[in-house]
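Visitor: Could you pick one part of this model and take me through it up close? I'd like the cut-offs along the way.

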Amino acid sequence: MNACRVKTNPGRFFEDYRVGQVIEHAVPRTVSGGERALYHALYPARHALYSSDEFAESCGLSGSPVDDLIAFHVVFGKTVPDISLNAVANLGYAEGRWLKPVYTGDTLRSVSEVIGLKQNSNGKSGVVWVRTTGLNQFDEPVLEYVRWVMVRKGDLDAPAPETVIPDLSKVVAPEALVIPEGLDFLKYNFTLAGEPHRWADYEIGEKIDHVDGVTIEEPEHMMATRLWQNTAKVHFDATNREDGKRLIYGGHVISMARALSFNGLANAQMIVGLNGGAHANPCFTGDTVRAYSEVLDKAETTAPGVGALRLRLVAYKHGAPEFAYKTEEGKYHPDVLLDLDYWAVVPL
């Protein structure tokens with residue numbers, strides 16, 4: 001029996017990581033049109049640039065790319081067996097940039113570098129920071145981001161590593177955003193996009209209630225986590241948690257909230273930067289997800305007719321106070337599920 005176990009992969013534990021370690025993740029994945037169809041079946045995703053080849057071509061692209069979050073989920077999913085299989089929770093994101101559109105037929109793989117470690121005071125787990133890059137079949141980077149994960153220790157007696165906490169930018173500078181080559185919104189069709197609102201129509205500090213809500217169902221969550229090959233135990237194995245519940249995959253909440261944001265942000269066509277993010281509280285089957293956005297900043301770009309909005313997307317359940325994602329003590333309200341700070345491109 002023991003001889004068989006040496007062929008299986010129990011996943012890395014906190015003590016298995018070293019700062020500077022580079023991990024090339026297994027199993028590249030070719031993205032097909034089925035990926036897009038399943039994505040649109042799982043979420044009410046309606047942004048026109050990702051729905052119509054003709055619309056995308058009118059905006060200067062060769063066709064409709066796959067949704068920016070499809071690219072994110074595929075790249076992220078590749079890292080799970082090596083980074084977060086034994087995770088307690090995925091804690092946050094920073095310094096994310098979409099570098100090149102992904103089209104059906106592209107093959108994606110992922111590489112991560114460990115850039116930080118800190119053992120928790122309980123000695124049972126620690127936080128691992130990694131910088132992940134997604135590459136296509138031409139070894140061109142299509143996406144990069146930093147995330148940090150709380151990971152269990154396999155050997156509680158293993159010595160704590162030297163603490164290294166990376167110094168991360170709080171915001172991706174507008175000039176560092178990569179606008180897809182050829183993107184041009186000068187002939188943008190607002191009628192087909194679904195709303196008339198331009199870059200100039202949004203004001204810093206404005207809050208947008210996205211109105212709609214979606215109740216999370218177990219079959220959809222399990223399809224999503226299998227689709228993106230996120231095999232973290234907390235999403236698959238109900239015995240992994242003391243409460244006997246499977247955590248809803250954080251990417252499922254991100255995509256649901258982004259899809260809900262269409263109502264009020266239909267012209268925020270592409271996500272090009274990820275400034276920060278936190279899965280503030282766990283989400284479980286039966287929770288109804290709602291969302292609102294706050295405009296944090298605005299920037300012009302060098303692309304014709306293209307501006308950028310910095311947006312905070314807050315997903316919440318039950319009775320979170322309107323537009324209040326943190327309590328007076330500065331902690332996340334217990335009904336807040338997601339706090340995502342990102343840049344999106346919109347027509348001027």
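**Around Tyr-43, and outward**

Guide: Let's start with Tyr-43, which is in contact (heavy atoms within 4.5 Å) with Ala-224, Trp-228, His-252, Ser-255, Met-256 and Ala-259, once its neighbours within four places in sequence are set aside. Bear in mind that this is a predicted model, where local features need pLDDT of at least 70, side-chain atom pairs count only at pLDDT 80 or more, and totals for chains, interfaces and linings use all residues. Residues are numbered from 1 along each chain as its sequence is written, and side-chain values use heavy atoms, with hydrogens and water left out.

Tyr-43 and Trp-228 turn up again in the largest nonpolar core, which has 58 residues; along with Phe-72, Leu-265, Leu-309 and Tyr-342 they touch the most other members. A nonpolar core here is a set of buried Ala, Val, Leu, Ile, Met, Phe, Trp, Tyr and Cys residues joined through side-chain atoms within 4.5 Å. Buried means under 20% relative accessible area, exposed over 50%, and partly exposed in between, using a 1.4 Å probe and protein chains only. The top contributor to this core is helix α4 (residues 68–83), with 8 residues; helices (H or I, at least four residues) and strands (E, at least two) are DSSP runs numbered from the N terminus. Both domain 1 (9–31 + 65–168) and domain 2 (170–347) give residues to the core, so it lies between them. Those bounds come from an automatic or database domain assignment. Another core, of 23 residues, lies apart from this one and includes Ala-56, Ala-193, Val-306 and Ala-308.

So what does the domain boundary itself look like? The C-alpha centres of the domains lie 20 Å apart, and 31 residues of domain 1 are in contact with 31 of domain 2. Together the domains bury about 2,500 Å², 55% of it on carbon and sulfur atoms; that's accessible area (1.4 Å probe) lost on putting the two parts together, summed over both. On the domain 1 side, His-73, Tyr-93 and Trp-98 lose the most area to domain 2, together 26% of what that side buries. For salt bridges (a side-chain nitrogen of Lys or Arg within 4 Å of a carboxyl oxygen of Asp or Glu), the rule finds 0 across this interface. Polar contacts do cross, with 13 residue pairs (both at pLDDT 80 or more). A polar contact is a pair of N or O atoms within 3.5 Å; within protein, one must be able to donate a hydrogen and the other to accept it, and residues adjacent in sequence count only if both atoms are side-chain atoms. Helix α4 is back here too: α4 and β3 (87–98) each supply at least two residues of the domain 1 side that touches domain 2.

Strand β3 leads on to the salt bridges, of which the structure holds 11. One of them pairs Glu-144 with Arg-97, the closest N and O atoms being 2.9 Å apart. Glu-144 sits in strand β6 and Arg-97 in strand β3, 47 residues apart. Glu-144 is buried at 18% relative accessible area, while Arg-97, at 22%, is partly exposed.

Just before β6 comes Asn-136, in the loop between β5 (125–135) and β6 (141–152). With 4% relative accessibility, Asn-136 counts as buried, and its side chain makes a 2.8 Å polar contact with that of Glu-140.
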